[in-house]
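Please consider the following model in two steps, beginning with the protein–DNA surface and then turning to the contact between the protein chains.

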Number of protein chains: 2
Amino acid sequence: MSDEAVILVIEDEVPMRRFLRALVAGHGLRVVEAASGEEGIALAASHAPDVILLDLGLPGVDGLEVTRRIREWSETPIIVISARGLEEDKVRALDLGADDYLTKPFGASELLARLRVALRHAGRRAAEGADPRFVLGDLEVDLAARVVRVRGEEVHLTPIEYRLLALLVRHAGRVLTHRHFLREIWGPGASGQDHYVRVHMSQLRRKIEEDPAQPRYVITETGVGYRLRTDA
Amino acid sequence: MSDEAVILVIEDEVPMRRFLRALVAGHGLRVVEAASGEEGIALAASHAPDVILLDLGLPGVDGLEVTRRIREWSETPIIVISARGLEEDKVRALDLGADDYLTKPFGASELLARLRVALRHAGRRAAEGADPRFVLGDLEVDLAARVVRVRGEEVHLTPIEYRLLALLVRHAGRVLTHRHFLREIWGPGASGQDHYVRVHMSQLRRKIEEDPAQPRYVITETGVGYRLRTDA
DNA sequence: GGGGGGTCTCAAGATCCTGTAAAGATCGCC
DNA sequence: GGCGATCTTTACAGGATCTTGAGACCCCCC
């Protein structure tokens, strides 16, 4: 999950940029780099990073200006890195919208810890409200909670039934082959056992379809596999 | 709006506490003071402050423990103040849930600026329900007070039982896997020991369920984990 | 009308998972 | 050092789930 997090590094000096990239990338995070303020602002807009690491001492558009410009439209956490440790510099940056301020030299593990704090904030903002749900007619699938409802009623599914449905939901509208189900759920050793899929799909339909003989949700594509309707 | 903001100061040394109160109160913020960790936790629950200023070097329940305990039910920003500037101290506090870490001595205006950052974060989250109590049928869990009641009667839980229940409450309605419980409670070294979870979950049910064989609250999802009902 | 591929359903047995008790190990406290 | 509380570990019965095979069905083509 947080393996997918994207960090934007805005830093003009090459050695420092390398250091930051190595540090951040070495911890399961993706890195996007900008060598100037303008580029940084553009990448913040195009890549929607989860956190921004920003060096104040940029040539051209300086770090404070970058902060101000990004804050006009985005609330992505910004961690400022600076060689200047004067209090008034910190106050200015923080009041302009930065979320943290680190003075060089700093320790690698402190930076990472503060990065985790910022990611926590970013993640919380993203996770506010209810879970993302897939709704189709009377069927409701909450992949985050692992809960399935039909006409508002919770339906109990066994592990295999749930995984079948989750696969269908994640690829709603597309046809999934028997082979695909077998690979994803039973692993590579089960090829050819198409009846596994059929039996469990039948159980699944019995639980979520009103009339399993006339399925509304799970459509069988004869000779190929199954497909989940996207329209009611 | 921010004229109404409440800052909780948890600090045992009187001069420092006076200094912080004067500083914060002089900027249109209300101050609530605690002289110990226990008091701090209690006031955090009863006064619902917008930001918490926490000294790490408390006697008795120390600052790290205070952070951990508050984070069990609340996401109020915590700014840690400490005489210790070692990197590992910072990392530990931040990873336990603190949002910022200031090393003494620090400048007054920097503290205020970081306080404004924390208030910004708190304000963004102002729409939060704020009641850290979970009620479901005859079961009542007060994460702030660390108290569990069944039909009004207080129930004594062992540490592990309580943490199991607290996890369930914090993710009420979602299925939590065995792996998740093991990681959160026993740490990364305990993977594969699913029976830990089963044994303690059984003890927990014996204490909170009327009929453990027909659980009303803790639902088992065979092959996956457990889930706490959200509806009666 | 018959045959065949593909599909659905059912149910029995095998397999895996879960709840529970109970005994031993550990810990904190006096 | 002893005691009580808690945690770990083991064992087993009962329950839930999965596999497997067989029969029925459907649709299309011959």
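How far does a polar side-chain atom of B:T158 lie from a phosphate oxygen of DNA strand D? In this predicted model, the distance is 2.7 Å. On the other chain, an N or O atom in the side chain of A:T158 is 2.7 Å from a phosphate oxygen of strand D. B:I160 instead uses its backbone, with an N or O atom 3.3 Å from a phosphate oxygen of the strand. Two or more residues of the surface near strand D come from each of α6 (159-170) and α8 (194-208) in chain A, and from α6 (159-170) and α8 (194-208) in chain B.

There are 20 residues around DNA strand D, of which A:T158, A:Y196, B:H156, B:T158 and B:Y196 come nearest. Of the strand atoms that come within 4 Å of the protein, 82% belong to sugar and phosphate. The residues of this surface comprise ten nonpolar, ten polar and no charged.

The contact between the protein chains involves 33 residues from chain A and 31 residues from chain B. It buries about 2,800 Å², with carbon and sulfur atoms giving 41% of that area. The rule finds eight salt bridges across this interface; one of them joins the side chains of B:K90 and A:E110, at 3.1 Å from N to O. On the side of chain A that touches chain B, α4 (87-96), β5 (100-103) and α5 (108-127) each supply at least two residues. The most come from α5(A), with eleven residues. By class, this side of chain A holds twelve nonpolar, five polar and 16 charged residues.

Technical notes: Residues are numbered from 1 along each chain as its sequence is written. Chains are lettered from A and ligands numbered from 1 in the order in which they are written. This is a predicted model: local features need pLDDT of at least 70, side-chain atom pairs count only at pLDDT 80 or more; totals for chains, interfaces and linings use all residues. Side-chain values use heavy atoms; hydrogens and water are left out. Contact means heavy atoms within 4.5 Å. Buried area is the accessible area (1.4 Å probe) that two parts lose on being put together, summed over both. A salt bridge is a side-chain nitrogen of Lys or Arg within 4 Å of a carboxyl oxygen of Asp or Glu. Helices (H or I, at least four residues) and strands (E, at least two) are DSSP runs, numbered from the N terminus. Ala, Val, Leu, Ile, Met, Phe, Trp, Tyr, Cys and Pro count as nonpolar, Asp, Glu, Lys and Arg as charged, and the others, Gly among them, as polar. A residue is near a molecule or strand if one of its heavy atoms lies within 4 Å of it. A polar contact is a pair of N or O atoms within 3.5 Å; within protein, one must be able to donate a hydrogen and the other to accept it, and residues adjacent in sequence count only if both atoms are side-chain atoms.
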